[in-house]
Structure formats: C-alpha cells, structure tokens
Amino acid sequence: MTSLFRRRRSEDPKPTPEPAPSGVDCSVPGCRNGDALTCEYRDRRGRMCQAAFCVHHGSVIEGVPYCRRHASTVRAIGPLASDPNGRPDINDRTPSLVNWISRELDAHIRTQLEATAREGESVIADDTVHLSRDTNRNLRWERSWRLVENTGLVLKISINVSEENDALVRINVGSEMVADGIPPWIARRRMGEDVDVAIDVAQRQLFYQYLQESVARAVAEFRGSSNRPHGH
Ligand SMILES: [Zn+2]
Ligand SMILES: [Zn+2]
C-alpha cells in the first residue's frame with residue numbers, strides 16, 4: 001500500500017503534485033502519521049467526505065486522494081466515478097458491497113457459464129458495478145455476467161443490492177431471484193456482535209458456498225429447460 005502514490009503517479013500522464021507534508025493528522029485512531037490527505041470524494045448531491053487519512057490508511061486513485069471507504073466506492077463504480085451525478089451518497093456502502101461479493105464469486109460464475117456455453121456462445125462480464133432498476137422500479141446497484149450468442153442474450157446472472165434494503169444481497173439468474181441473504185459480517189455489525197477470526201472465516205465460507213450452489217443449480221436448471229422458449 002505504501003507504494004500506491006508512486007505507482008499511481010507513474011501511470012498517470014498528467015503531472016500530479018508530490019504529496020507534500022500536510023500537517024494534518026490521520027483520522028484512524030492510534031495512527032501517528034501527521035501527513036494525512038483529505039478525502040476528496042464528493043457525492044452526487046455535492047456533499048464531501050473530508051476525512052483525512054495518511055498513505056497507509058487511504059488511497060490515491062488517478063491522482064485523487066480518498067479515504068478507504070470511498071476508495072472502495074470509486075473502484076466499485078469505475079468509470080461512473082468521473083460522472084458527478086453518478087456518484088453514490090457519501091454514506092452509501094452498497095456499491096462496495098456488490099463489488100466485494102462479485103469479486104468473491106467472479107471465478108465461480110465465469111466457470112459455470114463457460115462450462116454451460118454451447119457452440120457460438122461466449123461469456124461477457126462487467127468489470128464494475130452500475131445502477132439499474134428491479135422489476136418494481138426500485139434502484140439497485142448490480143454487477144452482471146452474461147452468456148451471449150450473436151443473436152443476443154442467452155442468460156444473465158447478476159449480483160445486486162436494492163436501495164430499499166442495503167444489506168440484502170440478491171442473485172438473479174435470468175428472471176429468477178435464486179438466492180438472497182445478509183452477509184454474516186453485516187448481520188453481526190447490526191447486532192453489535194464480535195466473533196473470533198475462525199468463526200468469521202467459517203461464516204463467510206458458508207455464505208459464499210450457499211451463493212455458489214444457488215448459482216450452479218440455477219444454471220443447470222436453465223440448461224435443462226432451455227429447449228422451451230424463455231424470456232429475459
Ligand atoms: Zn494513518
Ligand atoms: Zn472519504
């Protein structure tokens with residue numbers, strides 16, 4: 001993480017000023033670093049974060065310093081971050097959550113789709129999270145994987161979190177919602193619970209296993225019934 005400033009700058013064609021000693025204290029409790037940079041995240045309503053973090057606790061993305069939370073948001077939404085109206089509210093963790101779950105399941109979902117692909121079909125996957133609407137017109141953040149052929153979409157899998165329930169992760173395969181659940185670490189945070197690392201790891205594994213099995217079953221069922229006409 002310490003090399004992030006240097007690495008980002010060398011990739012950036014625009015000259016970016018050297019992070020000068022700012023004299024601002026890092027906001028992380030117990031961090032004694034006094035050269036913190038202010039998070040420059042500004043949401044679509046123009047509200048700014050302005051938390052200050054040192055190089056170890058924040059990130060610089062394309063020359064712009066962010067706190068850890070907003071660095072994660074900016075990475076999740078990718079190109080949307082350059083659109084001032086596309087940026088989630090400063091307290092919205094949903095895009096990061098969708099991106100986090102998507103990264104964990106990416107290899108599994110690709111494998112499922114590639115294994116089921118027929119002659120002439122291929123897999124296209126989103127790199128970032130974007131806004132869409134569910135069938136009830138509610139806004140949701142989602143990331144998707146699509147099996148396509150030259151005549152169009154064969155099957156779409158999406159991981160999404162709706163704005164009406166920002167802790168509930170859903171997976172859709174085609175038009176069906178095949179799995180939903182609140183990630184264990186969020187459920188615990190809501191309950192104010194703390195568990196040791198081994199239990200945390202076991203709970204996460206169970207959660208991801210449930211999601212993976214649901215996807216695998218739904219893809220198999222889709223293929224089993226795909227001789228019938230199907231909608232998207
Ligand atoms: Zn720090
Ligand atoms: Zn921030």
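Modeller: Two residues are in contact if their C-beta atoms, placed from the backbone, lie within 7 Å. Shall we put that to use? This is a predicted model, in which local features need pLDDT of at least 70 and side-chain atom pairs count only at pLDDT 80 or more, while totals for chains, interfaces and linings use all residues. Residues are numbered from 1 along each chain as its sequence is written, and chains are lettered from A and ligands numbered from 1 in the order in which they are written.

Biologist: With neighbours within four places in sequence left aside, which residues is Val173 in contact with?

Modeller: Val173 is in contact with Ile157, Val178, Val215, Ala218, Val219 and Phe222, not counting its neighbours within four places in sequence.

Biologist: And what elements are there in the protein chain?

Modeller: The protein chain has five helices and 10 strands. These are DSSP runs numbered from the N terminus (helices are H or I, at least four residues; strands are E, at least two).

Biologist: Why is Asn172 called buried?

Modeller: A residue is buried if 20 or more other C-beta atoms lie within 10 Å of its own, exposed if 12 or fewer, and partly exposed in between, with C-beta atoms placed from the backbone. Asn172 has 21 C-beta neighbours inside 10 Å, so Asn172 counts as buried. Asn172 is found in strand S9 (residues 169-173). Leaving aside neighbours within four places in sequence, Asn172 is in contact with Ile157, Ser158, Asn160, Met177 and Val178.

Biologist: What makes Phe222 partly exposed?

Modeller: Phe222 has 19 C-beta neighbours inside 10 Å, so Phe222 falls in the partly exposed class. Phe222 has its place in helix H5 (residues 197-224). Beyond its neighbours within four places in sequence, Phe222 is in contact with Leu155, Val173 and Gly174.

Biologist: Why is Asp127 called exposed?

Modeller: Asp127 has 10 C-beta neighbours inside 10 Å, so Asp127 counts as exposed. Asp127 lies in the loop between strand S5 (122-125) and strand S6 (130-133). Asp127 and Arg143 are 16 residues apart in sequence, and their C-alpha atoms are 7.8 Å apart in space.

Biologist: How much of the protein chain counts as buried?

Modeller: Of its 232 residues, 28% count as buried.

Biologist: What makes a group of residues a nonpolar core?

Modeller: The members must be buried Ala, Val, Leu, Ile, Met, Phe, Trp, Tyr and Cys residues joined through C-beta atoms within 7 Å. The largest nonpolar core here has 41 residues, and Phe53, Val98, Ile157, Ile171, Val173 and Val215 touch the most other members. Helix H3 (residues 94-116) gives the largest share of this core, six residues. Domain 1 (4-86) and domain 2 (94-224) each supply at least three residues to the core, with domain bounds coming from an automatic or database domain assignment.

Biologist: What is the angle between helix H2 (residues 68-77) and H3?

Modeller: H2 and H3 pack at about 65°, and their axes are 8 Å apart. Axes are lines fitted to C-alpha atoms, for helices over the stretch in contact, and angles run from 0 to 180 degrees between N-to-C directions. Ser72, Thr73, Arg75, Ala76 and Ile77 of H2 make the contact with Pro95, Ser96, Val98 and Asn99 of H3.

Biologist: Which residues of H2 are buried, and what covers them?

Modeller: The buried residues of H2 are His70, Ala71, Thr73, Val74, Ala76 and Ile77. S3, S4 and H3 are among the elements that cover the buried residues of H2. After H2 comes Gly78, with a positive phi near 55°.

Biologist: What makes the phi of Gln50 worth a second look?

Modeller: Most residues other than glycine have a negative phi. Gln50 is a residue other than glycine, and its phi is positive, near 65°. Gln50 lies in the loop between strand S1 (37-38) and strand S2 (52-53).

Biologist: And where does Glu62 lie?

Modeller: Glu62 lies in the loop between strand S3 (58-61) and strand S4 (64-67). The phi of Glu62 is also positive, near 50°. With 13 C-beta neighbours inside 10 Å, Glu62 counts as partly exposed.
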